[in-house]
Amino acid sequence: MDKSLQARKYLVALTFNHITRLVFGKRFMNYEGIMDEQGKEFKAIVANGIKLGASLAMAEHIPWLRWMFPLEEEAFAKHGAQRDRLTQAIMEEHILARQKSGGAKQNFADALLTLQDKYDLGDDAIFGLLWDMITAGMDTTAIAIEWAMAELVRNPKVQKKAQEELDRVIGFERVMSETDFSNLPYLQSIAKEALRLHPPTPLMLPHRANATVKIGGYNIPKGSTVLVNVWAVARDPAVWKDPEDFLPERFLEEDVDMKGHDFRLLPFGAGRRVCPGAQLGINLLISMLGHLLHHFCWTPAEGVKAEEIDMHENPGLGAYMRTPLQAIATPRLPSHLYKRVASDI
Ligand code: HEM
């Protein structure tokens, strides 16, 4: 019997839970992994938003294709109304909970409600900000963790070295927590190396030139849409040694910034539109990788050699793996550390 699992299914659910807890302070999934009705609606709205966004982008780039999307405006309006109705219901739960408990909790929705008067935030602004976090944070993080896990399955020596570090720092009697991050430099380098080779948005997000400029000898006319190929820059042999190899050690030798200050490595973009969730994304990645590696050994599906894992990207603004990662997870800690722990959110 094939004991392998489709990692993406679990990694997407994990990211979904993290982001909804951060943004709404809420899990839509119970501890058996069953999603409630509100969660299902939520997921469908996120998926629909991505589909509509993609058709809009296509119509923008190839204007004569617009005829293919006659229902676009109608579909957008319907999508917006559905999204607002759901957000309204969730926000009402927050307002009620705040009235009951008399205080705000540590999540983005509550933080916005606290600041609502000070910054004169209308419902539109609050709903927009909440959904920005969800659409920008969910897929990007899920894409990053799947690629990182694929590299670890392909590179058992790197995986073993990370596990040795985790065992040394955390041991076998407790699970990792955020306070361990600073003592796990190799794990941090793995996250960085994964983002170098596999930036989740390889062409960043489209930017528009608001003035005519000359860059590297090329004229960029005002109004052009500009895409920056950060994927290619991060594999450029002129600036990286052995660029195609997964070598986290390179970042132990040289501490390269990845939050917009070193143009060799720009998974989060740079400048005034740089990703505001960069540190959060990095922390989520380190946390997920740390738990997954401390708890399990990861090997390729039966009959598959490490070098046979398909490392091609699926085309799109967000580049998932073309073939979802299939892997076998073997527990490596005492059984009591695998119990689900309810947490106050
Ligand atoms: C590994 C995870 C992530 C990656 C690789 C990533 C990458 C990016 C990139 C490349 C951009 C565009 C930057 C530019 O155009 O210069 C961006 C924008 C953005 N990201 Fe992230 N991101 C990640 C996680 C997150 C998270 C967790 C959040 C929030 C919960 C978030 C929120 C945003 C927002 C709101 C924007 C738009 C900013 C603007 O247009 O001003 N991201 N992200």
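Helix 6 and helix 10 are a good place to start: in this predicted model, their axes come within 9 Å and cross at roughly 90 degrees. An angle from 65 to 115 degrees counts as roughly perpendicular, so that is how these two helices stand to each other. Where do they meet? On the helix 6 side, look for Gln159, Ala162, Gln163, Leu166 and Ile170; on the helix 10 side, for Gly290, Leu293 and His294.

If the spacing of contacts along a helix seems odd, here's a handy thing to keep in mind: an α-helix has 3.6 residues a turn, so residues three or four places apart point the same way.

Now move on to helix 7, which covers residues 185-197. From its first C-alpha to its last, helix 7 reaches 19 Å, close to the 18 Å expected for its 13 residues. Is helix 7 largely enclosed or largely open? Eleven of its 13 residues are buried, so helix 7 is largely enclosed by the rest of the structure. To count as buried here, a residue needs 20 or more other C-beta atoms within 10 Å of its own. The buried set includes Leu187, Ile190 and Leu195, but also Lys192, Glu193 and Arg196. And what does the covering? Helix 6 and helix 10, the pair we began with, are part of the cover, and so are helix 5 (123-154) and helix 9 (250-253).

Next, the strands. One open sheet is built from three of them, in the order 1-7-6, with antiparallel pairing. Strand 1 (5-6) and strand 6 (296-300) stand at the edges with a single partner strand each, so one side of each has no neighbour in the sheet. Strand 6 and strand 7 (residues 326-331) run antiparallel and are joined by five bridges. To find one of these on screen, pick Trp298 and look across to Ala329 in strand 7, its bridge partner.

Finally, zoom out to the whole chain. Altogether you can pick out ten helices and seven strands. The C-alpha atoms fill a box of roughly 60 × 50 × 45 Å along the principal axes. How does the overall radius of gyration compare with that of a compact globule? For 345 residues, such a globule would have a value near 20 Å, and the chain's 22 Å agrees with that. Of the 345 residues, 27% count as buried. As for contacts between residues at least 6 apart in sequence, 68% join residues at least 24 apart.

Terms used:
Residues numbered from 1 in each chain as written. Predicted model: local features only at pLDDT ≥ 70, side-chain atom pairs only at ≥ 80, totals over all residues. Pairing = 2+ DSSP bridges. Helix = DSSP H or I, 4+ residues; strand = E, 2+ residues; numbered from the N terminus. Rg over C-alpha atoms; globule rule 2.2 N^0.38 Å. Buried ≥ 20, exposed ≤ 12 C-beta atoms within 10 Å, placed from the backbone. Contact = placed C-beta atoms within 7 Å. Expected span 1.5 Å × (residues − 1). Axes fitted to C-alpha atoms, helices over the stretch in contact; angles between N-to-C directions. Parallel < 35°, antiparallel > 145°, perpendicular 65-115°, else oblique.
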